[in-house]
Amino acid sequence: MSAEAYRWRCACCDQEYTGLPTDMAFGAPVNLEALDEVARSTFRKNDDFCVVTYATGQTDRFIRCLLPLPVPQLSEEFCFGVWMSVSERSWNVYRDGYDTGEYGDDLCFGYLMHDIPEYPSSMHLHANVVFQPGNQRPRVFLHDADHPLVVAQREGVDVTQIERWVALTHRPEA
(Lines give C-alpha, C1' and ligand atoms only; values in the text may rest on other atoms or scores of the structure.)
Protein backbone atom coordinates (compact mmCIF):
# COMPACT_ATOMS: atom_id res chain seq x y z
CA MET A 1 0.00 0.00 0.00
CA SER A 2 1.21 3.51 -0.67
CA ALA A 3 1.27 6.26 1.96
CA GLU A 4 -0.89 8.30 -0.41
CA ALA A 5 -3.73 5.75 -0.23
CA TYR A 6 -3.44 5.02 3.48
CA ARG A 7 -6.54 5.99 5.51
CA TRP A 8 -6.17 6.91 9.17
CA ARG A 9 -7.79 8.81 12.04
CA CYS A 10 -5.82 11.61 13.71
CA ALA A 11 -5.49 11.27 17.50
CA CYS A 12 -5.26 15.05 17.75
CA CYS A 13 -8.50 16.08 16.03
CA ASP A 14 -10.27 12.71 15.54
CA GLN A 15 -10.77 13.44 11.82
CA GLU A 16 -10.20 10.78 9.20
CA TYR A 17 -7.55 11.43 6.54
CA THR A 18 -6.40 9.79 3.35
CA GLY A 19 -2.67 10.05 2.80
CA LEU A 20 -0.04 9.67 5.47
CA PRO A 21 2.91 12.10 5.52
CA THR A 22 6.20 10.38 4.77
CA ASP A 23 8.46 13.00 6.30
CA MET A 24 8.83 15.47 9.14
CA ALA A 25 11.57 18.03 9.69
CA PHE A 26 13.21 19.52 12.73
CA GLY A 27 14.02 23.22 12.92
CA ALA A 28 17.42 24.44 14.08
CA PRO A 29 20.09 22.02 15.34
CA VAL A 30 20.56 24.05 18.53
CA ASN A 31 18.24 25.88 20.90
CA LEU A 32 18.82 29.55 20.03
CA GLU A 33 17.52 30.72 23.39
CA ALA A 34 20.17 28.64 25.18
CA LEU A 35 23.03 30.24 23.23
CA ASP A 36 25.13 33.04 24.65
CA GLU A 37 25.03 36.47 23.04
CA VAL A 38 28.12 35.83 20.89
CA ALA A 39 26.78 32.51 19.62
CA ARG A 40 23.37 34.04 18.82
CA SER A 41 25.05 36.83 16.88
CA THR A 42 27.17 34.37 14.85
CA PHE A 43 24.37 31.86 14.25
CA ARG A 44 23.95 31.34 10.50
CA LYS A 45 21.46 28.89 9.00
CA ASN A 46 19.83 28.26 5.67
CA ASP A 47 17.93 25.18 4.51
CA ASP A 48 21.05 23.01 4.32
CA PHE A 49 23.88 24.48 6.40
CA CYS A 50 24.26 25.91 9.89
CA VAL A 51 27.26 27.38 11.72
CA VAL A 52 27.55 28.63 15.30
CA THR A 53 30.68 30.22 16.78
CA TYR A 54 30.82 30.55 20.56
CA ALA A 55 32.55 33.12 22.76
CA THR A 56 35.27 30.50 23.43
CA GLY A 57 36.12 30.48 19.72
CA GLN A 58 34.71 26.99 19.20
CA THR A 59 32.69 26.63 16.00
CA ASP A 60 30.01 23.98 15.49
CA ARG A 61 29.01 22.99 11.97
CA PHE A 62 25.79 21.23 10.98
CA ILE A 63 24.29 19.89 7.77
CA ARG A 64 20.67 19.03 7.01
CA CYS A 65 20.15 15.34 6.28
CA LEU A 66 17.48 12.67 6.00
CA LEU A 67 17.11 9.94 8.61
CA PRO A 68 15.24 7.15 6.76
CA LEU A 69 13.08 4.61 8.58
CA PRO A 70 11.54 1.73 6.64
CA VAL A 71 7.77 1.24 6.95
CA PRO A 72 7.04 -2.42 6.17
CA GLN A 73 3.27 -1.81 5.62
CA LEU A 74 3.91 0.89 3.01
CA SER A 75 5.84 1.05 -0.23
CA GLU A 76 7.60 4.23 0.98
CA GLU A 77 9.98 4.96 3.81
CA PHE A 78 9.47 7.64 6.43
CA CYS A 79 12.22 10.27 6.72
CA PHE A 80 13.02 12.74 9.44
CA GLY A 81 14.72 15.91 8.25
CA VAL A 82 17.49 16.15 10.83
CA TRP A 83 20.61 18.16 11.49
CA MET A 84 23.90 16.38 11.93
CA SER A 85 26.94 17.83 13.67
CA VAL A 86 29.98 17.18 11.48
CA SER A 87 33.65 18.11 11.50
CA GLU A 88 34.94 21.18 9.72
CA ARG A 89 36.56 18.96 7.08
CA SER A 90 33.30 17.05 6.44
CA TRP A 91 31.31 20.29 6.37
CA ASN A 92 33.71 21.65 3.74
CA VAL A 93 33.50 18.43 1.66
CA TYR A 94 29.72 18.73 1.62
CA ARG A 95 29.72 22.48 0.95
CA ASP A 96 32.27 22.17 -1.86
CA GLY A 97 30.26 19.45 -3.63
CA TYR A 98 26.83 20.85 -2.84
CA ASP A 99 26.16 22.50 -6.22
CA THR A 100 27.52 19.66 -8.35
CA GLY A 101 26.56 16.66 -6.19
CA GLU A 102 30.15 15.43 -6.53
CA TYR A 103 32.00 15.02 -3.25
CA GLY A 104 35.60 14.35 -2.29
CA ASP A 105 34.35 11.63 0.09
CA ASP A 106 31.32 9.33 -0.05
CA LEU A 107 30.44 9.73 3.61
CA CYS A 108 31.43 11.21 6.93
CA PHE A 109 30.83 10.70 10.63
CA GLY A 110 28.23 12.80 12.43
CA TYR A 111 26.21 13.23 15.61
CA LEU A 112 22.41 13.38 15.51
CA MET A 113 21.26 16.72 16.94
CA HIS A 114 17.69 15.80 17.88
CA ASP A 115 15.65 13.68 20.21
CA ILE A 116 13.21 11.73 18.07
CA PRO A 117 9.77 11.77 19.75
CA GLU A 118 8.71 8.65 21.65
CA TYR A 119 12.26 7.25 21.76
CA PRO A 120 14.74 7.50 24.62
CA SER A 121 17.28 10.27 24.13
CA SER A 122 18.70 10.05 20.63
CA MET A 123 20.67 13.30 20.88
CA HIS A 124 24.26 12.74 19.77
CA LEU A 125 23.76 9.20 18.47
CA HIS A 126 26.68 8.32 16.19
CA ALA A 127 26.00 7.89 12.49
CA ASN A 128 27.41 7.71 9.01
CA VAL A 129 26.28 10.62 6.85
CA VAL A 130 26.20 9.38 3.25
CA PHE A 131 26.45 12.09 0.60
CA GLN A 132 24.00 11.71 -2.30
CA PRO A 133 24.43 12.60 -5.98
CA GLY A 134 22.46 15.25 -7.77
CA ASN A 135 22.05 17.77 -4.97
CA GLN A 136 19.99 15.42 -2.79
CA ARG A 137 20.26 15.64 0.97
CA PRO A 138 22.68 13.23 2.65
CA ARG A 139 21.18 10.15 4.28
CA VAL A 140 21.92 9.22 7.89
CA PHE A 141 22.64 5.64 8.95
CA LEU A 142 22.89 5.22 12.69
CA HIS A 143 25.73 3.12 14.04
CA ASP A 144 24.78 -0.28 15.33
CA ALA A 145 23.68 -0.10 18.94
CA ASP A 146 20.94 -1.33 21.22
CA HIS A 147 19.15 2.01 21.03
CA PRO A 148 15.48 1.57 19.95
CA LEU A 149 15.89 4.16 17.15
CA VAL A 150 18.75 2.13 15.68
CA VAL A 151 16.52 -0.95 15.81
CA ALA A 152 13.71 1.04 14.13
CA GLN A 153 16.04 2.07 11.32
CA ARG A 154 17.08 -1.53 10.81
CA GLU A 155 13.66 -3.23 11.21
CA GLY A 156 11.18 -0.47 10.42
CA VAL A 157 8.38 1.44 12.12
CA ASP A 158 4.67 0.75 12.16
CA VAL A 159 2.23 3.15 10.49
CA THR A 160 0.64 3.75 13.90
CA GLN A 161 3.98 5.25 15.02
CA ILE A 162 3.87 7.66 12.09
CA GLU A 163 0.27 8.55 12.99
CA ARG A 164 1.44 9.46 16.51
CA TRP A 165 4.28 11.61 15.16
CA VAL A 166 1.87 13.42 12.84
CA ALA A 167 -0.58 14.01 15.72
CA LEU A 168 2.24 15.63 17.76
CA THR A 169 2.65 18.34 15.13
CA HIS A 170 -0.85 18.46 13.63
CA ARG A 171 -2.65 21.77 13.59
CA PRO A 172 -6.32 21.16 12.72
CA GLU A 173 -7.85 23.55 10.23
CA ALA A 174 -10.07 26.17 11.82
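## Exercises on strand 6, Q153 and the aromatic pairs

In strand 6, T59 is the bridge partner of T53. The model used in these exercises is predicted.

**Exercise 1.** Determine how strand 6 pairs with strand 5 and with strand 7, and whether strand 6 is largely enclosed or not.

*Solution.*
1. Start with strand 5 (residues 49–53): five bridges join it to strand 6 in the antiparallel sense.
2. Look at the connection. Strand 5 and strand 6 form a hairpin with five residues between them, and G57 in this turn has a positive phi of about 100 degrees.
3. Turn to strand 7 (residues 77–86). It runs antiparallel to strand 6, with ten bridges between the two; here F62 stands opposite S85.
4. Strand 6 and strand 7 also form a hairpin, with six residues between them.
5. Nine of the twelve residues of strand 6 (residues 59–70) are buried, so the strand is largely enclosed by the rest of the structure.

**Exercise 2.** Place Q153 in the fold, classify it as buried or exposed, and list what it touches.

*Solution.*
1. Q153 belongs to helix 3 (residues 148–155).
2. The relative accessible area of Q153 is 12%. Buried means under 20%, so Q153 is buried.
3. Leaving aside residues up to four places away in sequence, Q153 touches L67, P68, L69, P70, V140, F141 and L142.
4. One polar contact involves P68: the side chain of Q153 reaches the backbone oxygen of P68 at 3.1 Å.

**Exercise 3.** Classify the ring pairs F80–W165 and Y94–F131 as stacked or edge-to-face, and state which parts of the chain they link.

*Solution.*
1. The count of aromatic pairs comes to 13.
2. For F80 and W165, the ring centres are 4.7 Å apart and the planes stand at 75 degrees, so this pair is edge-to-face.
3. F80 lies in strand 7 and W165 in helix 4 (residues 159–169), so the pair ties together parts 85 residues apart in sequence. Both F80 and W165 are buried.
4. For Y94 and F131, the centres are 5.5 Å apart and the planes at 10 degrees, so the pair is stacked.
5. Y94 is in helix 2 (residues 88–97), while F131 is in the loop between strand 9 (126–130) and strand 10 (139–142); the pair links distant parts of the chain, 37 residues apart.
6. Y94 is buried at a relative accessible area of 1%, and F131 is buried at 8%.
7. Y94 and F131 also belong to a cluster linked by ring pairs, together with F49, W91, Y98 and Y103.

Note on methods
Residues are numbered from 1 along each chain as its sequence is written. This is a predicted model: local features need pLDDT of at least 70, side-chain atom pairs count only at pLDDT 80 or more; totals for chains, interfaces and linings use all residues. Side-chain values use heavy atoms; hydrogens and water are left out. Helices (H or I, at least four residues) and strands (E, at least two) are DSSP runs, numbered from the N terminus. Buried means under 20% relative accessible area, exposed over 50%, partly exposed in between (1.4 Å probe, protein chains only). A polar contact is a pair of N or O atoms within 3.5 Å; within protein, one must be able to donate a hydrogen and the other to accept it, and residues adjacent in sequence count only if both atoms are side-chain atoms. Contact means heavy atoms within 4.5 Å. Two strands pair if DSSP finds at least two bridges between them. Rings of Phe, Tyr and Trp (its six-membered ring) pair if their centres lie within 6.5 Å; planes under 30 degrees apart count as stacked, over 60 as edge-to-face and the rest as tilted.
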